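Good morning, and thank you for coming. I should like to take you through one structure, element by element, and I would ask you to keep the display in view.

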Amino acid sequence: MIRFHNESAPLVILLLVSNITLSSGFLDVFAAAASYVVNKFFERDGLLPFDPKGLEKDLRDSLFGQHIASDVVLKSVTSFMTDRKPNKPLVLSFHGTAGVGKNHVAKIIARNIYEKGENSKHVHMYISEHHFPHKEKSDLYSAQLKEWISKSVSSFPRSMFIFDEMDKMQPKLIDTIKAFLDYNARVDGVSFHNALFIFLSNAGGNVIAEVAVDSWREGKDREELWMNSKEMETKIFRNIFNNKNCGFQHSSLIDHHLVDHYIPFLPLELKHVRQCVMAEMVHLNMTEDFDLADKVAREMPFFPEKEKMFSVKGCKSVRQKLALHLRAAEHMVMMRMVVVLLSVMMVYVLLMDAVVESTAEFDPYKVLGVTRSASQAEIKKVYKRLAKEWHPDKNKNPEAEDMFIKITKSYEILTNEEKRASYNRYGQTDNTHPYGRGHYGFHHFHDNFYFDESFFHFPFNNKGGRDFADSKYTLHFNQYVNEVVPDSFKRPYLIKITSDWCFSCIHIEPVWKETVQELETLGIGIGVVDVGYERRLSNHLGAHQTPSILGVVNGKVSFFHYAVVKGHLMQFVEDLLPQRLVEKVTDKNNQEFLKSWHELNKPHVLLFDQVPSVPLLFKLTAFANKDYVQFGYVDQGLSETADLLRKFNINTYAPTMLVFKEDVEKPADIIQAKGMKKQIIDEFISNNRFLLAPRLVNQKLFDELCPVKQFHRRRKYCVLLITGEEESFATGNEAFLSLASTNTNDVLRFAYVYQRRQQPLCDVLLQNKDGTPPQVVILERRNEAGKILYKPILGGWNGSKEDKHKLLEELERLQKDPSILNYDAILPELNNEFASMFLIRWIYTAFDYLSEIIDDLLHNNWREMMPLMSLLFSALFILFGTVVIQAFSDSSEEKQRKAKSNETAKTENGSPNTSNTSSRPPKKSFVEVTELTDITYTSNLVKLRPGHINVVLVLTDATKNILLSKFAKEVYSFTGSLTLHFSFLNVDKHGEWMTAVLEYAQDAVQIDTDEDEVSGRRADYTGYVLALNGHKKYLCLFKPVYTGEDLDSKPEEEGGGSRSRKGVARSRSTTLQIHHKLDRLGLWMERLMEGTLPRYYVPAWPGLDKITVNK
């Protein structure tokens, strides 16, 4: 056993081990293990909730030119998946030439049924020439195929089987499959009614092609072809049934009509192949290029030979063709780069030559005609003379103007000590360092030379020069922090991270421009960050590669991780917005929605439109005004909204927007327009941001409802009702609302406040009068510090006609004489009644932080997360290892210290103190001890669980109470161990068993046998303790040892000398001496837990006859 003689040794070793482990790739191993565990145990691979609309959309978006297949597949799969008890499995047979989409449709079906799509373990793909290549092994293949299908369906009834190249499959294997497809068929007790079988075959492709060509030659549209056109399905059926080269020939599977549908896949036209190329571009994360797609599509072979109408290969080799064009395009880009670099170098050489020439030509000393040692007085004198001589107004020489400029420039240089010294030292005419000598000359040369990089038609440029359209969106760090982040709480921002010489940036540029043009009209903020010039901002955003696209909402950054396509970008922006901004409203919940105005303290806006999803423009409007207005959406196409349309007389031909305030039965305002633009909606919402009489719930609302007076024309007066929430105030509150609804004066704003919720504000307004709520106060805010002028309306407010009349009179007087506001005060800031609790805010913050970490882990920021992951796993590894070492090992010093304390410490009754001997604290306040009898013998010993030990105390009827009490005290601290059990054995009843067991431990049993034989007494086993391991069949023995520390015993020095050792042994029958028999039991239990006690093995435990009571 390894023992540490220093308490810090385990931790030091663990640190060394952890460093070695981490340096040798621990994180890689851990990541692989974690990935395996996640994939194995946590990644789901079950059924998706079947969505017919999702399948329809998938077929429409990714299947080109196959309207027949799309229609039949949608109807048949939907019918089968929604049938709770189908009477047979679904069997579909796809027929057509190569590359028309048969395999693709099978994958579409799989990804709309299973969570992992075609990669699900429940989707089984069999290819004839791959899985069943040898005809002579058809019997073996048949047995294997039957076993595969049966096992798959028995473990997962909704399994899917795809058989490719069915026309090449051996007939015997087809007959094997047939057994699983019959009506009400059960094979080996397993039902296959919920399984799906899809057959893919080129057989019948020539028939389908002939029908398509004939139809085209007859001038019919492709979409006019259907299953029953020219008996297409019947022709396919006959063709494959009678074809000698087809595995379906005279097959019982066809003869018994077990195939539900023979689905024809039409040959593809040029436009369909072009769509395939465009789809491949999206898949490869390329910018969609129609011209390139058309070029690739036209290179495919077509038939008939003259008309070249239909593609021979369909879309099968589209990706390879596209890859060739991409490589050619890359070579062209590299060539153009070389041309540009050479051109730039040539221009640079020309510029430098011009600079040198210009610098050499210009000498301020020669221009003024002075020496290098000329004084300032001499230079000034010469300058005045030359300036008069060459002034353009006096000198009519054509060169006079240029000469005057040179004279002036020379004077400026030579009268400035720094410029003169710089020129004298470097021959330079400005104050820059010598390596910047081309600046002046460059401008001189630039006057006569214009360099435009667009001459080379290359997209790279200097800062802001790549795309002039991006320049207006360029963001700087301070601009982002001070403008974009605060503004992101009102509208989302879409930001592109780019840099010079970024090839991928070129590919996404057309899509970016098109998307930005559309998003800007919706009010979305756009930004562009050039990493070369704004490295600080890009690091702040966490963007470490180009190109990157990210969104900012509520100050939170989210990265775009999908193909750069306009649809994906639009969806990304929509996903940035918080959930439930707009509530779906129907006939059932419209009253609940509208009546929540009082609780939310907001007007409610309803948009009526015919599209099923909420328009993005409406969501953006809801986000910008979420603090003021509650938004709802009514889908006019649903039958559940018919009553709402009738109630408010909605015209279904154009979007309609209604705003409701306190009256939920009648809209306060309405707008209807076919092209509802952002400006129209914003103006409509701005005019209806507040209720007629809103409740003051926070300082922000108070500031906007009752703004501070800036000048006379913008003066606003607030008519404030101080009231309560109780029923007794309801009449007065309704009367106040009624009065506010008749107000047409924009200078007056009506509002109310609950005294209990805004106590500090109400205390200030009511301090100068002796009334109590409800009270009406007219006030005007004078500055941002809270100063107001106000006047309370005397007599309180109960909503009577007199109260209304009195208030209206005061308001009329106020219009004529503002000085009637004769009180002033400083208002405290209002409490935010809608402020979320601290715990809720903390939970939201933690959720956002975790979401950001998960997003980094799942996508592109593994490298940035590695230092944090390394630190985290190192800490966990060290912590876990330390706990394990401390749990399973103690130092030698600790053991010696415990042993000494157990020998010296005494309890009140004289026993050793063993309260701290167990590493695990006791679970109970008592010791559970059972008697070992013939009834408990088997469970407590013979069939004791592996690793468990039964500690048995041996006693007699006379010593039972004394020894059990002492035994319980000694072993109490060990009761926390889950592997220890405690029992006692009465030797008066079971002495024969005790003798039989101790026969195997004779070396340890030394009980003064000579004396016992002489006296004729039996061996005394009282106070013995046996530790019995029932599984491994061994025992450990504790023998009572008298300590000699009996305080009650008298000294033996008088009269008879000292007593002999045998005399002490014979006198052990007293109560006190029996009590001392277990004095060393605590130390023995410590050694038992350490595993250092000698073990005595037994070949077999004595039988039940040995444990029975003596007769």
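Let me begin with a helix and its cover. The buried residues of helix 27 are Leu616, Leu617, Phe618, Leu620, Thr621, Ala622 and Phe623; buried means under 20% relative accessible area, exposed means over 50%, and partly exposed lies in between, with a 1.4 Å probe and protein chains only. Helix 27 spans residues 616-624 and is mostly covered, with 7 of its 9 residues buried. Helices here are DSSP runs of H or I with at least four residues, strands are runs of E with at least two, and both are numbered from the N terminus.

A word on the basis of these values. This is a predicted model, in which local features need pLDDT of at least 70 and side-chain atom pairs count only at pLDDT 80 or more, while totals for chains, interfaces and linings use all residues. Residues are numbered from 1 along each chain as its sequence is written, and side-chain values use heavy atoms, with hydrogens and water left out.

I turn now to the sheet. Its 5 strands are arranged in the order 2-3-6-1-7, as an open sheet with parallel pairing; two strands count as paired if DSSP finds at least two bridges between them. Strand 2 (123-127) and strand 7 (261-264) each have a single partner strand, so at these edges one side of each is left without a neighbour in the sheet. From one strand to the next, the twist averages 20°.

Within that sheet, strand 1 (residues 90-95) and strand 6 (residues 196-201) run parallel and are joined by 6 bridges. Phenylalanine 94, for instance, has leucine 200 in strand 6 as its bridge partner. Helix 7 (residues 138-155) packs on the sheet and touches strand 2, strand 3 (160-164) and strand 6, where contact means heavy atoms within 4.5 Å. The direction of helix 7 makes about 150° with that of strand 3; axes are lines fitted to C-alpha atoms, for helices over the stretch in contact, and angles run from 0 to 180 degrees between N-to-C directions. Helix 4 (residues 67-81) lies across strand 1, strand 6 and strand 7, and runs at about 150° to strand 7.

Next, the backbone. Which bond is cis in the loop between strand 8 (302-303) and strand 9 (310-311), where proline 304 is found? The peptide bond from phenylalanine 303 to proline 304 is cis, with omega near -5°. Threonine 546 and proline 547 are likewise joined by a cis peptide bond, with omega about -5°, and proline 547 sits in the loop between helix 23 (535-541) and strand 12 (548-553).

Asparagine 601 is not a glycine, yet has a positive phi of about 60°. It is buried, at a relative accessible area of 9%, in the loop between helix 26 (597-600) and strand 15 (604-609). Lysine 1033 also has a positive phi, near 60°, but is partly exposed at 31% relative accessibility.

I close with charged pairs. How many salt bridges does the structure hold? There are 35, a salt bridge being a side-chain nitrogen of Lys or Arg within 4 Å of a carboxyl oxygen of Asp or Glu.

In helix 28 (residues 642-647), arginine 646 and aspartate 643 are 3 residues apart, so about one helical turn separates them. Their closest N and O atoms are 2.3 Å apart in a salt bridge. Arginine 646 is exposed at 60%, whereas aspartate 643 is partly exposed at 43%.

Lysine 647 forms a salt bridge with glutamate 665 (3.2 Å, N to O). This pair links distant parts of the chain, 18 residues apart: lysine 647 is in helix 28, and glutamate 665 is in the loop between strand 17 (656-660) and strand 18 (669-672).

Finally, arginine 695 and glutamate 833 meet in a salt bridge at 3.3 Å, N to O. They are 138 residues apart, and both are buried. Salt bridges with shared partners join Arg695, Glu725, Arg756, Arg757 and Glu833 into one network.
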